[in-house]
Amino acid sequence: MASREKRLKKQEQGLLKQAEEHRIKVETMDGRKDTTKDYWLGEAERFEKRAKERAKMLEKLKGKEKEGEEKN
């Protein structure tokens, strides 16, 4: 299960990094036809939501590992 834990951590970090980059675009770039500031904010929120889901999955996974250790 260590590889799954590592993958989830990496995904969470990547999603948060993308959300941060999108928030920077909102502050620095002007909107265009298909990429308005609202678009970039929406994308950032979606990335943050997915990162939270990964964090929950990771916590759930850690909880199961602890239960397994206590039983042994």
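**Exercise 1. Find the contacts of Ala51 and the core around it.**

*Solution.* Start at Ala51: once neighbours within four places in sequence are set aside, this residue is in contact with Glu12, Leu15 and Leu16. Keep in mind as you look that the model is predicted. Next, widen the view to the largest nonpolar core, which has five residues: Leu15, Ala19, Ala44, Phe47 and Ala51. Helix H1 (2-28) and helix H2 (37-71) are the elements that each give two or more residues to this core. Of these, H2 gives the most, with three residues.

**Exercise 2. Describe the overall form of the chain.**

*Solution.* Begin with the secondary structure: the chain holds two helices and zero strands. Then take the extent along the principal axes, where the C-alpha atoms fill a box of roughly 60 × 15 × 15 Å. Now compare the radius of gyration with the globule rule: the chain has 17 Å, while a compact globule of 72 residues would have a value near 11 Å. Finally, turn to the contacts between residues at least 6 apart in sequence; 70% of them join residues at least 24 apart.

**Exercise 3. Work out how surface and charge are shared out.**

*Solution.* First, the surface: the accessible area of the chain comes to about 6000 Å², and 48% of it belongs to carbon and sulfur atoms. Second, burial: 22% of the 72 residues are buried. Third, charge: count 22 positive and 17 negative side chains, then locate the centres of the two sets, which lie 4 Å apart.

**Exercise 4. Decide whether Val26 is buried or exposed, and list its contacts.**

*Solution.* Place the residue first: Val26 is in helix H1. Its relative accessible area is 14%. The cut-off for buried is under 20%, so Val26 counts as buried. Now look for contacts beyond four places in sequence: Val26 is in contact with Lys37, Trp40 and Leu41. One of these partners deserves a distance check: the C-alpha atoms of Val26 and Lys37 are separated by 5.2 Å, although the two residues are 11 apart along the chain.

**Exercise 5. Set Glu5 against Glu27: which is buried and which is exposed?**

*Solution.* Both residues need a place first: Glu5 lies in helix H1, and Glu27 lies in helix H1 too. Take Glu5 next. Its relative accessibility is 15%, so Glu5 counts as buried. Leaving out residues up to four places away in sequence, Glu5 touches Leu58, Leu61, Lys62 and Glu65. Then turn to Glu27, whose relative accessibility is 67%. Exposed means over 50%, so Glu27 counts as exposed. To finish, try a distance along the helix side of the picture: the C-alpha atoms of Glu27 and Ser3, 24 residues apart along the chain, are separated by 37 Å.

Definitions and conventions: Residues are numbered from 1 along each chain as its sequence is written. This is a predicted model: local features need pLDDT of at least 70, side-chain atom pairs count only at pLDDT 80 or more; totals for chains, interfaces and linings use all residues. Side-chain values use heavy atoms; hydrogens and water are left out. A nonpolar core is a set of buried Ala, Val, Leu, Ile, Met, Phe, Trp, Tyr and Cys residues joined through side-chain atoms within 4.5 Å. Buried means under 20% relative accessible area, exposed over 50%, partly exposed in between (1.4 Å probe, protein chains only). Helices (H or I, at least four residues) and strands (E, at least two) are DSSP runs, numbered from the N terminus. Contact means heavy atoms within 4.5 Å. The radius of gyration is taken over C-alpha atoms; the globule rule is 2.2 Å times the number of residues to the power 0.38. Accessible areas come from the Shrake-Rupley method with a 1.4 Å probe; for residues, only the protein chains shown count as cover. Lys and Arg count as positive and Asp and Glu as negative; His and the chain ends are not counted. The place of a charge is taken as NZ of Lys, CZ of Arg, CG of Asp or CD of Glu.
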